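Hi everyone, thanks for having me. I'd like to walk you through one structure today, so let's get it up on the screen.

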Amino acid sequence: MESPVVDRLLNLLSETEAEQGKVARMLHDDAGQVLSAIGLHLEVLRGGLTAEQSEQIVEIQQLLETVIARIRAVSRSLHVNLVERAGLGFALEQLACQGRERGSGMMIQLHIAQGERWPNEPAHAAYRIVGELLDNAMRHSAAQRIEIRLQGSTLEVRDDGRGFDAEKKTTGLGLLLCRHLAKRSRLGLAIQTKTGQGTIIKLTLHGS
Ligand SMILES: Nc1ncnc2c1ncn2[C@@H]1O[C@H](COP(=O)(O)OP(=O)(O)OP(=O)(O)O)[C@@H](O)[C@H]1O
Ligand SMILES: [Mg+2]
């Protein structure tokens with residue numbers, strides 16, 4: 001399905017991601033480093049203080065550590081270049097962790113074959129697609145278990161939930177965006193699902 005509107009939307013999203021990357025770097029490199037430097041100064045100060053004052057400094061240092069850790073976490077979640085920097089397998093692990101943190105009670109399992117390396121462009125698209133699929137599985141499937149499996153040129157997201165009618169028109173944008181992202185990056189996308197029988201969505205690197 002050709003759609004200039006969806007293509008423009010995807011371009012806009014890419015621009016937003018580039019902006020997010022800048023904010024992430026600023027947070028991590030600037031704010032994070034200044035706070036770390038403050039921590040070091042405090043450590044030097046501590047030497048000439050009474051025991052009670054020194055204890056207070058330690059408390060301030062602990063608070064600083066918490067703030068630094070939070071800044072790093074926000075910076076990580078904004079960093080869409082994660083796939084390029086750390087590889088698709090690692091980026092998928094982060095998605096699974098974020099899913100678990102949402103606390104739906106569903107089991108999210110990952111099976112990543114060692115040493116899998118997809119080219120950057122399709123890997124980035126696959127990462128965004130899996131983000132949507134995971135969100136769908138968590139919101140709509142009522143599954144007990146969600147599995148993400150990366151092996152060779154195949155990436156699969158499956159759940160043992162209620163399944164759905166993939167041909168039915170919906171007002172949702174998620175699957176529409178997935179189809180467009182897949183098409184742009186020459187990824188195959190196959191949806192295997194039936195009401196009451198779970199869902200398997202398979203992505204394949206083109207040509208395989
Ligand atoms: N894993 C799944 N299990 C059960 N139903 C699903 C699953 N994935 C998608 N669906 C169904 O397909 C519909 C369309 O999904 P889609 O991602 O396109 O839209 P959405 O999730 O409803 O909205 P949006 O993604 O825009 O927030 C969903 O509303 C849901 O009914
Ligand atoms: Mg959705």
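**Around the ligand, then outwards**

Okay, let's start at ligand 1: it has 16 residues around it, and the ones that come nearest are Asn136, Ser141, Gly172, Gly174 and Leu175. Before we go on, keep in mind that this is a predicted model.

Which elements give two or more residues to that shell? They are α5, residues 120-140, and α6, residues 174-184. And what sort of residues are in the shell around ligand 1? Five are nonpolar, nine are polar and two are charged.

Let's stay with those two helices for a moment. α5 and α6 pack with their axes 9 Å apart, at an angle of about 160°. With an angle over 145° counting as roughly antiparallel, that makes α5 roughly antiparallel to α6. If you're wondering about the hand, the crossing of α5 and α6 is left-handed.

Now the sheet. We've got an open one here, made of five strands, and reading across it you go β1, β2, β3, β5, β4, with mixed pairing. Notice that β4 comes after β5 in that order. Which strands stand at the edges? Those are β1, at 107-112, and β4, at 187-193; each has a single partner strand, so one side of each has no neighbour in the sheet. From one strand to the next, the twist averages 10°.

Quick reminder for anyone new to this: strands in a sheet pair through backbone hydrogen bonds, and they can do that parallel or antiparallel. For β4 and β5, where β5 covers residues 199-205, the pairing is antiparallel, over seven bridges. If you want one pair to find on the screen, try Gln192, whose bridge partner in β5 is Ile200.

Let's zoom out. The domain assignment splits the chain into domain 1, residues 4-78, and domain 2, residues 83-205. How many Å separate their centres? Taken over C-alpha atoms, it's 30 Å.

Last stop is the other helix pair, α1 at residues 4-46 and α2 at residues 51-78. Their axes come within 9 Å and cross at roughly 165°, which makes α1 roughly antiparallel to α2. This crossing is left-handed. As for what's in the contact between α1 and α2, we have 16 nonpolar residues, eight polar and two charged.

That's my tour, thanks for listening!

Note on methods
Residues numbered from 1 in each chain as written. Chains lettered and ligands numbered in written order. Predicted model: local features only at pLDDT ≥ 70, side-chain atom pairs only at ≥ 80, totals over all residues. Axes fitted to C-alpha atoms, helices over the stretch in contact; angles between N-to-C directions. Helix = DSSP H or I, 4+ residues; strand = E, 2+ residues; numbered from the N terminus. Parallel < 35°, antiparallel > 145°, perpendicular 65-115°, else oblique. Left-handed = near helix turned anticlockwise from the far one by under 90°. Nonpolar A, V, L, I, M, F, W, Y, C, P; charged D, E, K, R; others polar. Domains from an automatic or database assignment. Near = placed C-beta within 6 Å. Pairing = 2+ DSSP bridges.
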